[in-house]
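I opened this model to look up one helix pair and a loop. My entries follow.

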Amino acid sequence: MRLSFRLKHHFFSAFREFFVHHHGSLEFRAKVFALVIAANDDSIVESYILVKNIGLNIYKNDEERANLLMITTKEKVQQVKENNGLDIDTLVANIQKDLKIIPRYAKKINIEELRDLLPPKL
């Protein structure tokens with residue numbers, strides 16, 4: 001990633017709610033992707049590349065927004081793995097709460113995209 005994107009990312013991370021259009025939607029998608037990735041003990045870097053590709057598809061090739069989705073997902077997974085105030089159960093509860101407050105978010109869950117994040121069956 002370019003240095004300019006990294007600088008923007010650090011700035012946007014601190015003030016994401018104010019600067020990112022439809023921040024709640026992006027955050028919800030990141031939580032769903034993070035849940036699937038964090039639940040897999042053998043999650044790999046390719047999972048994040050796949051999230052970025054899914055983001056490019058969702059956001060009509062808006063690379064900055066796709067990168068934000070990927071980085072936000074990565075942050076959530078790190079929080080879960082480091083047990084930094086977030087675990088799988090809390091993540092599920094947050095997703096359920098978001099769906100209760102904004103039911104239209106349920107339309108943002110694409111099972112096929114999530115299935116791509118699962119490890120291949122043996």
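**Loop after H3**

I started at lysine 60, which sits in the loop between H3 and helix H4 (63-81). The model is a predicted one.

I looked up the backbone of lysine 60 and found a positive phi of about 55 degrees, although the residue is not a glycine. I noted this because most residues other than glycine have a negative phi.

Is lysine 60 buried or exposed? I read 69% relative accessibility for lysine 60, so I entered this residue as exposed, the cut-off being over 50%.

I then went to asparagine 61, also placed in the loop between H3 and H4. Asparagine 61 is not a glycine either, and its phi is positive, near 65 degrees. The relative accessibility of asparagine 61 is 64%, so I entered it as exposed.

**Helix pair H2 and H3**

I next looked up how helix H2 (residues 23-39) packs on helix H3 (residues 45-58). The angle is about 150 degrees and the axes are 11 Å apart. Angles over 145 degrees count as roughly antiparallel, and H2 and H3 are therefore roughly antiparallel to each other. I recorded the crossing of H2 past H3 as right-handed.

Which residues meet between H2 and H3? From H2 I listed Arg29, Phe33 and Ile37. From H3 I listed Ser47, Tyr48, Val51, Ile54 and Ile58. I sorted the residues of this contact into six nonpolar, one polar and one charged. The charged one is Arg29 and the polar one is Ser47.

How values were computed. Residues numbered from 1 in each chain as written. Predicted model: local features only at pLDDT ≥ 70, side-chain atom pairs only at ≥ 80, totals over all residues. Heavy atoms only, no water. Axes fitted to C-alpha atoms, helices over the stretch in contact; angles between N-to-C directions. Helix = DSSP H or I, 4+ residues; strand = E, 2+ residues; numbered from the N terminus. Parallel < 35°, antiparallel > 145°, perpendicular 65-115°, else oblique. Left-handed = near helix turned anticlockwise from the far one by under 90°. Contact = heavy atoms within 4.5 Å. Buried < 20%, exposed > 50% of the residue type's maximum accessible area, 1.4 Å probe, protein only.
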